[in-house]
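Let's take a friendly walk through a protein model together. Have the sequence and the 3D view at hand, and look up each residue as it comes along.

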Amino acid sequence: MGLEAGLDLMRAGRWFDAHEELEREWRDAPAAERDFLQGLVHVTVGWHHASSGNARGAAGQLAKAARRLEGSRPAHRGVDVEHVLGQVEAARARLEVGLTDLLPVRLP
């Protein structure tokens, strides 16, 4: 369980489950890890909102994700944060034109 399980659930597109797993990890994390984990939580919630057609909610969550993950560039705990942030920005661009069919999150 923990980060790896959350990332695996994100890879599978299981946004709610990924959110729950990452939030559990976040609750027990030391202060230095909390922004990184909270950023990933926001990513999952953003994709979940988009999958439900809630463009406004998705855009808000992805804006929060970008702010939280910024300090973890370029990579943190084996996660290519640069890559994740690139996907977040691409998703935000789709949302701005009213599209909620976001591309799947790709995590190497």
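Arg11 is a good place to begin: with a relative accessibility of 35%, it counts as partly exposed, because that value falls between the 20% and 50% cut-offs. Please keep in mind that you are looking at a predicted model.

**Charged pairs**

What does Arg11 do with its charge? Arg11 forms a salt bridge with Asp8, and the closest N and O atoms are 2.7 Å apart. Both residues belong to helix H1, where a spacing of 3 residues puts them about one helical turn from each other. Asp8 is partly exposed too, at 44% relative accessibility.

Here is some background for this part: side chains of opposite charge can pair when their charged atoms come close. How many salt bridges turn up in a search of the whole structure? The search finds 11. The table shows some of them, including the pair you have just met.

| Salt bridge | Closest N and O atoms |
|---|---|
| Arg11 and Asp8 | 2.7 Å |
| Asp17 and Arg14 | 2.8 Å |
| Arg27 and Glu23 | 3.2 Å |

Take the Asp17 and Arg14 pair next. Asp17 is partly exposed at 30% relative accessibility, and Arg14 is partly exposed with a relative accessible area of 43%.

Now move to Arg27 and Glu23. Both lie in helix H2, and their spacing of 4 residues is about one turn of the helix. Arg27 has a relative accessible area of 48%, so it counts as partly exposed. Elsewhere, salt bridges with shared partners join Glu25, Glu33 and Arg77 into one network.

A charge can also sit over an aromatic ring. The charged end of Arg34 does so with Trp26, at 4.2 Å from the centre of the ring.

**The nonpolar core**

Let's turn to the inside. The largest nonpolar core has 31 residues, and those with the most contacts inside it are Met10, Phe36, Val43, Trp47 and Leu69. At least two residues of this core come from each of helix H1 (3–11), helix H2 (15–27), H3, helix H4 (55–69) and helix H5 (81–96). Which helix gives the largest share of this core? That is H3, with 8 residues.

Pick Met10 and look around it. Setting aside residues up to four places away in sequence, Met10 touches Trp15, Ala18, Leu22, Val43, Thr44, Val105 and Leu107. Among these, Val43 is also one of the residues with the most contacts inside the core.

**One aromatic pair**

A pair of aromatic rings is described by the distance of the centres and the angle of the planes. The structure holds 1 aromatic pair. Its members are Trp15 and Trp47, with 6.0 Å from centre to centre and 35° between the planes, a tilted arrangement. The pair links distant parts of the chain, as Trp15 is in helix H2 and Trp47 is in helix H3, 32 residues apart. Are these two residues buried or exposed? Both Trp15 and Trp47 are buried.

**Three residues along helix H3**

Helix H3 spans residues 31–51, and His42 is found there. His42 has a relative accessible area of 9%, so it counts as buried. Its side chain makes a polar contact of 2.7 Å with the side chain of Gln61. Leaving out neighbours within four places in sequence, His42 is in contact with Gln61, Leu62, Lys64, Ala65 and Arg68.

Gln38 is found in helix H3 as well. At 12% relative accessibility, Gln38 counts as buried. Beyond its neighbours within four places in sequence, Gln38 is in contact with Trp26 and Arg68.

The third residue, His49, also has its place in helix H3. His49 is partly exposed, because its relative accessible area is 22% and the buried class means under 20%. With neighbours within four places in sequence left aside, His49 is in contact with Asn54, Gly57, Ala58 and Gln61. How far is His49 from Arg92, counted between C-alpha atoms? The two C-alpha atoms are separated by 12 Å, while the residues are 43 places apart along the chain.

Terms used:
Residues numbered from 1 in each chain as written. Predicted model: local features only at pLDDT ≥ 70, side-chain atom pairs only at ≥ 80, totals over all residues. Heavy atoms only, no water. Buried < 20%, exposed > 50% of the residue type's maximum accessible area, 1.4 Å probe, protein only. Polar contact = N/O pair within 3.5 Å; in protein donor to acceptor, adjacent residues only side chain to side chain. Contact = heavy atoms within 4.5 Å. Core = buried A, V, L, I, M, F, W, Y, C linked by side-chain atoms within 4.5 Å. Phe/Tyr/Trp six-rings, centres within 6.5 Å; stacked < 30°, edge-to-face > 60°. Lys NZ or Arg CZ within 6 Å of the ring centre and 35° of its normal. Salt bridge = Lys/Arg side-chain N within 4 Å of Asp/Glu carboxyl O.
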